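User: Please take a close look at one pocket of this model, and set it against the surrounding helices, loops and overall fold so that I can judge its context.

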Amino acid sequence: MPRFSVIVPVYRVEEYLPECLDSVLGQDGPDFELIAVDDRSPDGCGALLDEAAGRDPRVRVLHLPENVGLGRARNAGLEVATGDYVLFLDSDDTLTPGLLEAVDDRLAAGGDPDVLVYDYARTYADGRVVRAASAKVFGAPSREVFDLADRPDLLELLQVVWNKAYRRDFVTAQGLTFPAGYYEDTPWTYPALLAARSITLLDRIGVHYRQRQEGGNILATASRKHFDVFGQYDLVFAFLDGRPDLERWRPVVYGRMLHHLNTVVSRPGRIPPGDRREFFRRAAAHCARLRPAGYRPGGGVAGLRTELLGHGRFTAYQAVRALARARRMVRRQGVA
């Protein structure tokens, strides 16, 4: 049985796939398997995967009969994984050299906890590599192994699946799977962190997260599919409904959801302009249904914006944004 299963869903990434595969296969240290899931990619990815499997017995390729999307492609890989721990890697990103060995050492030192979290850096076409703003979380004082009650700031990190190693029997016990649609990481990462009894951190950049500009990044593509975020949070709160022992986290998760909804609607290029009012109407109904009793919003402009969004106040929200932009311009002119 290998120590790690690295699951890589693959779709339309022929240009980046060789670098991704090499970043995994070049890892030293513990035994691992690379499970590459060809999600019916229409380019040459399938052939590249078969060539890699022919050269390296650690590579297992699954060719799906139809395109199922990122989340369900990960599920297909998870079904055949045999490693003690599971890691996920997107096929246009790369692992940093020595990551698996460092993860293995940290896991062994912590007695094989449920979840290990490592950091990432964004990489740009001009060669820049910029560590995520989450570096301060990894540098904060902490016990070596803890649960979320000791480090609730972990919920403030970007909630992605690919900066963590998960003990596979923990994943099975919790019944973790990915749904279809955009923001599919959300109903996995929140339950995983909330349910984990033992978590450890590795203060190290483990993934280079490629910032694609040519339309390959769905988060930078205007589409009504961004409305999927509401259904994904329904799944998170359904998980909480079934776990009364985690009830105290409901207001925290609700606050993080408001922050996420604000990000989705405020970032240019996500919600089509003609659909923004509908997004606010959906947000109001969604938040009215899920708002915990006694929830207290954050302060400042950020808290005001999320409250306006949560109550569907589109015009007031736009006015607050415009005022904030005007103030930023005045400050910049004053500095200049």
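Analyst: Helices (H or I, at least four residues) and strands (E, at least two) are DSSP runs numbered from the N terminus. The model is predicted, with local features requiring pLDDT of at least 70 and side-chain atom pairs pLDDT 80 or more, while totals for chains, interfaces and linings use all residues. Residues are numbered from 1 along each chain as its sequence is written, and side-chain values use heavy atoms, without hydrogens or water.

Two loops come before the pocket in this account. Arg40 sits in the loop that runs between strand E2 (32-38) and helix H2 (45-55), and its phi is positive, near 55 degrees, although the residue is not a glycine. With a relative accessible area of 52%, Arg40 counts as exposed (exposed is over 50%, buried under 20% and partly exposed in between, with a 1.4 Å probe and protein chains only). Arg12, placed in the loop between strand E1 (4-10) and helix H1 (17-25), likewise has a positive phi near 55 degrees and is a residue other than glycine.

As for the overall fold, the protein has twelve helices and nine strands. The C-alpha trace spans about 60 × 45 × 45 Å along the principal axes of the protein, and buried residues account for 52% of its 336 residues. Where contacts (heavy atoms within 4.5 Å) join residues at least 6 apart in sequence, 79% of them link residues at least 24 apart.

The part to examine is the second largest pocket, whose volume is about 310 Å³. A pocket is an open set of points on a 1 Å grid with protein on both sides within 12 Å along at least five of seven lines, and its lining residues have an atom within 4 Å of a point. Of the 18 residues that line the second largest pocket, those closest to its centre are Gly255, Arg256, His259, Ala302 and Thr306. Two elements give two or more residues each to this lining, namely helix H9 (250-266) and helix H11 (300-310), and the largest share, six residues, comes from H9.

The second of these helices, H11, has a series of buried residues: Gly303, Arg305, Thr306, Glu307, Leu308, Leu309 and Gly310. Thr306 thus appears both in this buried set and among the residues closest to the centre of the pocket. After H11 comes Gly312, whose phi is positive, near 70 degrees.

Another helix can be described in the same terms. In helix H3 (residues 70-80), the buried residues are Gly71, Ala73, Arg74, Asn75, Ala76, Gly77 and Leu78. The buried residues of H3 pack against E1 and E2, as well as strand E3 (59-63), strand E4 (85-88), helix H6 (168-174) and helix H7 (186-195). E1 and E2 are also the strands that precede the loops of Arg12 and Arg40.

Two further residues add to this picture. Val103 touches Phe4, Leu116, Tyr118, Ala165 and Leu202, when residues up to four places away in sequence are left out of the count. Ala238, which belongs to helix H8 (residues 228-241), is partly exposed, its relative accessible area being 42%. The C-alpha atom of Ala238 lies 9.6 Å from that of Pro187, a residue 51 positions apart from it along the chain.

Notes. 1 Å grid on protein atoms, 1.4 Å probe; cavity = no way out; pocket = protein on both sides within 12 Å on 5 of 7 lines; lining within 4 Å. Points joined across faces, edges and corners; volume = space filled by probe spheres on them.
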